[in-house]
Structures are given as structure tokens and as C-alpha cells.
Amino acid sequence: MSNSPTSDTDQAFLQQAIQLAFESVDTGGAPFGAVVVINGKVIASAGNRAKLDCDPTAHAEVAAIRMAGKALRNQHMREATLYASCEPCPMCLAAAHWARIPRIVFAAPQETANDAGFADGNIAEQLYGQTHPARPEELGLTRIEMDDSAAPFRAWLTKQNGAS
């Protein structure tokens, strides 16, 4: 993954996505959050609602993209950045590309999600022939290491194990 220089702004928006992941866990969802930003302004944000809505497409990134499209009254977001608490799964990555979002910034790598039981890697392998896309920079993916980006996953695992 690309580790290009990051700005405080990128880190602030990623922190918002991570906070949404925590909120998703608190409300019974999975530990994922996403924010769509254009020109420094949050257009839409969402947590994962797949389990809550019984909708396998209700991932945080897809939900945020849907809300942003409605807010912008446009399906294409050529000036947007998608901030995600975790590396987007193949479905979310495809949705971002359909929306023409040129830049996707994420915190936790796919392995963190896999370790918590979210095994989307097998889907990526079927699509790409490997766990990660061959040229992440060409796909607009940038990973920014954040302090404790795995924390929402630990909170989710704790909740799944019945601890308070």
C-alpha cells in the first residue's frame, strides 16, 4: 500500500471514520466507518449496517457513497476523497470507482479485519488472483497508519464474546 505523506486533515477525517466504526459496534453493527469529503467538507458519513439492516451491501463505504450521491444529486464524485476506517473490501472499492472517487484513504489493513473474522480476502483472491490488488496506487488507495486503528475490531470482538 502507498504510504505517501499525509496531512493533519487526512488524519482528522480518518479519525472520524474510526469513531464511526466504534459507534457502529455500539449500535450492533460491524467495526467499519467511512466519510466522503469534498474540498475539506464532510458530505456524508456512515457506519456499517449490514447485520442491522440484513443487507450484505450496507457496508460503511457503500452507505456513505449512497448518501453523498443523494446530497450532491450526482452519482459521480470526481473531487471526493473516501476515508475508511479499514481497507475497503472489493465491493466497496468497486463502488468508489463507479462513483469516480479518485482517492481512497484508509487506516487498518485488510489483515486486521481478517483477524477479527471478516474474511473478505478470499473474495479479493477470486477477483484479483491475490489478496491485494496488484497496483494499489493506480486504484487510488493510500494507507495512513493511525494509532490503534485496530481498536474498533477489538471492541467488536469483545462485544461478540459477551463481555461488557
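A search of the whole structure, which is a predicted model, turns up 3 salt bridges. One of them joins the side chains of D10 and R103, with 2.7 Å from N to O. D10 sits in helix α1 (residues 8-26) and R103 in strand β4 (residues 103-108), so this pair ties together parts that lie 93 residues apart in sequence. The two partners also differ in how much of them shows: D10 has a relative accessible area of 5%, which makes it buried, since buried means under 20%. R103, at 28% relative accessibility, counts as partly exposed.

Next comes the pair D53 and R49, whose side chains meet in a salt bridge at 2.9 Å, N to O. Here D53 is partly exposed at 38% relative accessibility, and R49 is partly exposed with a relative accessible area of 39%. Then there is the salt bridge between the side chains of D148 and R154, at 2.4 Å from N to O. D148 is partly exposed, with a relative accessible area of 43%, and R154 is partly exposed too, with a value of 43%.

Now for the overall fold. The protein has 7 helices and 5 strands. Read from the N terminus on, its elements follow the order α-β-β-α-α-β-α-β-α-α-β-α. Contacts along the chain give another view: among those with a separation of 6 or more, 60% are between residues 24 or more positions apart. Of the 164 residues in the protein, 48% are buried. As for the outside, the accessible surface comes to about 8400 Å², and carbon and sulfur atoms account for 49% of that area.

That leaves the empty space. Rolling a probe the size of a water molecule over the atoms shows where such space is left. In this model, the largest pocket has a volume of about 280 Å³. It is lined by 22 residues, and those closest to its centre are A30, F32, N48, H59 and F118. Three helices, α2 (50-53), α5 (110-115) and α7 (151-160), each supply at least two residues of the lining. The largest share comes from α5, with 3 residues. Sorted by class, the lining of this pocket holds 11 nonpolar, 7 polar and 4 charged residues.

Technical notes
Residues numbered from 1 in each chain as written. Predicted model: local features only at pLDDT ≥ 70, side-chain atom pairs only at ≥ 80, totals over all residues. Heavy atoms only, no water. 1 Å grid on protein atoms, 1.4 Å probe; cavity = no way out; pocket = protein on both sides within 12 Å on 5 of 7 lines; lining within 4 Å. Points joined across faces, edges and corners; volume = space filled by probe spheres on them. Helix = DSSP H or I, 4+ residues; strand = E, 2+ residues; numbered from the N terminus. Nonpolar A, V, L, I, M, F, W, Y, C, P; charged D, E, K, R; others polar. Buried < 20%, exposed > 50% of the residue type's maximum accessible area, 1.4 Å probe, protein only. Contact = heavy atoms within 4.5 Å. Areas by Shrake-Rupley, 256 points an atom, 1.4 Å probe, with all protein chains shown as cover. Salt bridge = Lys/Arg side-chain N within 4 Å of Asp/Glu carboxyl O.
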